[in-house]
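Student: Could you take me through the empty space in this protein, and then the packing around it? I would like a close look at the pocket in particular.

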Amino acid sequence: MSLLEALKKTFETVTGAGRPSHASVAARLAPRAPHTMLFRDDGVIPNNPELPFVHYPGAVGFPERGDPAAVFEELFARNGWGDSWRNGIYDYVHYHSGTHEALGIARGHARVRFGGNSGEVVELKAGDVAVLPAGTGHQSLFASKDLLVVGAYPPGGKYDECRGSRQERERALESIPKVPVPAEDPVYGADGPLMKAWSG
């Protein structure tokens with residue numbers, strides 16, 4: 001699936017076909033209060049000691065026709081979150097120590113555990129967005145066959161994939177607090193709820 005989606009994304013980017021306008025994306029947003037959770041360091045997955053995980057259920061609606069992944073790509077990009085990809089969510093616990101991450105559910109549904117093995121399970125469905133501060137463990141426990149996720153990152157971070165080794169942990173505990181807070185919420189922009197939740 002990821003190869004097909006990568007080809008589709010490239011075609012849309014090069015030709016402009018199927019890419020939604022800024023106005024059409026803005027019209028598809030629904031105001032949502034964030035559901036937030038702060039996960040503790042479990043000794044293996046550090047999570048983030050200051051910034052909570054944020055979940056916006058049903059934040060984005062999709063047109064009957066068109067590419068729902070393109071809606072998320074346009075939305076994230078206009079709010080300064082780039083380096084987007086299309087795929088699923090890995091079925092093993094991992095985290096990013098050098099960047100925050102936004103996950104938009106473009107199609108399907110999944111049950112994802114956030115915060116490591118002792119974290120919380122969240123049901124994600126099409127239109128939901130999860131925003132993970134650096135260090136947040138995540139793992140797909142179940143995914144529908146049609147699951148399609150768009151991921152993106154704010155500027156100023158550096159992508160890595162950590163799986164919980166001792167060597168990674170020592171480095172991660174130093175790097176996680178240094179990851180800058182983004183200037184904009186990936187969904188709602190500069191005045192979005194994320195900015196208040198992450199104001200410290």
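Tutor: Happy to; here is a walk through the pocket, the cavity, the nonpolar cores and some strand pairing. Please keep in mind that the model is predicted.

Let's begin with the open space. The largest pocket has a volume of about 160 Å³. Its lining is made up of Trp-85, Asn-87, Gly-88, Ile-89, Tyr-90, His-94, His-96, Glu-101, Leu-103, His-138, Tyr-153 and Tyr-159. Two elements, β3 (82-87) and β4, each give two or more residues to this lining. By residue class, the pocket lining splits into 6 nonpolar, 5 polar and 1 charged.

Now for the enclosed space. The count comes to 1 cavity of 30 Å³ or more, and about 30 Å³ of space lies in the largest cavity. Around this cavity stand His-96, Thr-99, His-100, Glu-101, Leu-132, Pro-133, Gly-135, Thr-136 and His-138. Here the lining divides into 2 nonpolar, 6 polar and 1 charged. His-96, Glu-101 and His-138 are worth selecting in your viewer: they line the largest pocket and also the largest cavity.

Next comes the packing. In soluble globular proteins, nonpolar side chains tend to be buried together. The largest nonpolar core in this model has 23 residues, and Tyr-56, Phe-72, Phe-76, Val-131 and Leu-194 have the most contacts inside it. The elements giving two or more residues to this core are β2 (53-56), α3 (68-78), β4 (101-107), β7 (129-132), β9 (148-153) and α5 (193-197). Of these, α3 gives the largest share, 5 residues. Leaving aside residues up to four places away in sequence, Leu-194 touches Val-54, Tyr-56, Trp-81, Val-131, Pro-182, Glu-184, Asp-185 and Pro-186. Another core, of 14 residues, lies apart from the largest one, and its members include Phe-39, Ala-110, Ala-130 and Val-149.

Ala-110 takes us on to the strands. In β8, its bridge partner is Ala-143. Strand β5 (residues 109-114) pairs with β8 (residues 138-143) in the antiparallel sense, over 5 bridges. His-138, one of the residues lining the pocket, falls within the range of β8. β5 also runs antiparallel to β6 (residues 120-125), and 6 bridges join the two. Phe-114 stands opposite Glu-120 in that pairing. Between β5 and β6 there are 5 residues, forming a hairpin, and Gly-115 in the turn has a positive phi of about 95°.

Definitions and conventions: Residues numbered from 1 in each chain as written. Predicted model: local features only at pLDDT ≥ 70, side-chain atom pairs only at ≥ 80, totals over all residues. Heavy atoms only, no water. Core = buried A, V, L, I, M, F, W, Y, C linked by side-chain atoms within 4.5 Å. Buried < 20%, exposed > 50% of the residue type's maximum accessible area, 1.4 Å probe, protein only. Helix = DSSP H or I, 4+ residues; strand = E, 2+ residues; numbered from the N terminus. Contact = heavy atoms within 4.5 Å. Pairing = 2+ DSSP bridges. 1 Å grid on protein atoms, 1.4 Å probe; cavity = no way out; pocket = protein on both sides within 12 Å on 5 of 7 lines; lining within 4 Å. Points joined across faces, edges and corners; volume = space filled by probe spheres on them. Nonpolar A, V, L, I, M, F, W, Y, C, P; charged D, E, K, R; others polar.
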